[in-house]
Amino acid sequence: MSLLTTEEYKAIAAGLSFPTQAFIDGAFRPAISGKTFDTVNPATGAVLAKVAACDAADVDFAVEKARDAFEDGRWSRLHPKERKETLIRLAKLVARNAQELAVMESLDSGKTIFDCETVDVPETVNCLTWHAELIDKIYEQVAPASDNHIAMIVREPVGVVGLVLPWNFPLLMLAWKIGPALAAGCSIIVKPALETSLTALRMAELAMEAGIPAGVFNVVPGGGAEVGEPIGRHMDIDAVSFTGSTATGRRFLKYASESNLKEVTLEMGGKNPAVVLDDAENLDRVAAHVVNGAFWNMGENCSASSRLIVQKGVKDALLGRIYAHAREWPMGDPLDPVNRVGALVSKAHYDKVSSYLGKGPKVLMGGKADAGFVEPTILDVARDAKQAREEIFGPVLSVLTVDSFDEAIALANDTEYGLAASIFTANVKKAIRGARAIRAGTVTVNSFGEGDISTPFGGFKQSGFGGRDNGIHAHDQYTQIKTIWVDLADDGDEAVG
Ligand SMILES: NC(=O)C1=CN([C@@H]2O[C@H](COP(=O)(O)OP(=O)(O)OC[C@H]3O[C@@H](n4cnc5c(N)ncnc54)[C@H](O)[C@@H]3O)[C@@H](O)[C@H]2O)C=CC1
Ligand code: BAL
């Protein structure tokens, strides 16, 4: 893909008009209260737009319209082929508006234009297309039964679904959730993170252009307490899919238990280990993966490799190569396509990440923070240091040294989280034993990654609850299974049997 110049991206930015109102029942509307909040470009501190600050009244209105749409079947009972074609049109519209969406995303979140252009937008297109293509390829089942019966096991859309999103991949996490939810036939209420509402609102506009009927795709921007909690507690929302912190995820279980026991899927935090053993081959390649795992998306990534667990014999050689690779990650203006590290998402998050850089562990590299930007930082940490245990969600790699394979695996598991891990070794037995022993939803061998659209993504322990995003398994969140048992007996047959 060829990228534009900074000046060309700035020209696109200058010409953007931001969608700022809630999108409910096929139309943009102000919040019922009339309130707005400022959405800020974290790289400059400039206010980009004033966005509708919705609350429970807007959630109620959106749910009413989503329920109407679901019950009359305008989307939920549309022929799968038509749903497929509509979602493919949406994916094509995203591709056609790729640069505009990439620039909007970068401005609103501080993410680099390089990542927005090469990952977030194309992966959004890929995700929507993949789930669209799946719609008419999932077969239902017939269970074994007597000649006098047929027992069908069918999947039905779960109904009205709340999708509560994080700010670290605003567009892509939207796609991870709307792809399978819309494919399944659900009506959706999207709640973007307060920090990053713009691309979700633009997607609502594109969804309407693609032909998704009014009431099916609703976006209600606003705060966690004002919009997220009313979604979690709503008596007429059938399921919630959430990505964000473990603390907030916990709340959704409480909301569900205190309301209508809606289905809850939670994709939450991580303190993910990259385990490098003495026998790892091609340390330069290992270092490239470790650096990518730690610093990609400024470390604002739930699957970031934030703990390097390295065996003593290879530590010095590996660290040398890691420093060399980390120096190839320039930091600066997110709209300059050479930069790999942009601004952290907000002043509050910048303050949180910066607080881990003060006194304490020895700084091996980086360590500076200024005006919303934090340098890729490598720390030599003790096992009980907060940098070794807490999710920092910034470009900070904590290095822990071990003597043996067993110690490495035990340390990898010594966390409340279990989202992702990687293991680097030339020994296939250790690779497989390690991958099996580490309690995490995704374990990569000799690489860092999250799999791809076809592989399920989610966490063990306090990183995940309920279903999975991505892959065919994602559809489990948005469908429920029904048994239809039919009596085929003739008049002469026994009534029971
Ligand atoms: N797993 C992941 O991908 C993410 C993890 N995080 C972690 O969470 C930390 C804090 O970031 P936050 O933005 O505060 O994440 P958060 O978990 O509070 O926010 C995620 C979503 O939940 C909503 N929300 C917040 N409070 C809520 C409440 N009381 N009830 C219902 N919904 C609510 C937010 O508005 C947002 O849409 C980060 O530093 C990072 O460690 C944050 C974002 C994504
Ligand atoms: N990396 C995709 C999931 C997340 O960070 O929230």
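Which helix gives the largest share of the shell around ligand 1? In this predicted model, that share comes from helix 8, with 5 residues. Helix 8 covers residues 224-233. Two other helices, helix 9 (246-258) and helix 12 (347-354), also figure in the shell, and each of the three supplies at least two residues.

The surroundings of ligand 1 comprise 27 residues. The nearest of them are P166, G224, G228, G244 and S245. Sorted by class, the shell holds 11 polar, 10 nonpolar and 6 charged residues.

The position of ligand 1 follows from the domain layout. Domain 1 spans residues 6-268, and domain 2 spans residues 273-445. Both domains give residues to the shell, so ligand 1 lies between them.

The overall fold of the chain was examined next. Its secondary structure amounts to 16 helices and 24 strands. The C-alpha trace extends about 80 × 55 × 45 Å along its principal axes. The radius of gyration is 24 Å. For 497 residues, a compact globule would have a value near 23 Å, so the chain agrees with that expectation.

Burial and contacts complete the description. Of the 497 residues, 53% count as buried. Contacts were also sorted by sequence separation. Among those between residues at least 6 apart in sequence, 71% join residues at least 24 apart.

Methods: Residues are numbered from 1 along each chain as its sequence is written. Chains are lettered from A and ligands numbered from 1 in the order in which they are written. This is a predicted model: local features need pLDDT of at least 70, side-chain atom pairs count only at pLDDT 80 or more; totals for chains, interfaces and linings use all residues. A residue is near a molecule or strand if its C-beta atom, placed from the backbone, lies within 6 Å of it. Helices (H or I, at least four residues) and strands (E, at least two) are DSSP runs, numbered from the N terminus. Ala, Val, Leu, Ile, Met, Phe, Trp, Tyr, Cys and Pro count as nonpolar, Asp, Glu, Lys and Arg as charged, and the others, Gly among them, as polar. Domain bounds come from an automatic or database domain assignment. The radius of gyration is taken over C-alpha atoms; the globule rule is 2.2 Å times the number of residues to the power 0.38. A residue is buried if 20 or more other C-beta atoms lie within 10 Å of its own, exposed if 12 or fewer, and partly exposed in between; C-beta atoms are placed from the backbone. Two residues are in contact if their C-beta atoms, placed from the backbone, lie within 7 Å.
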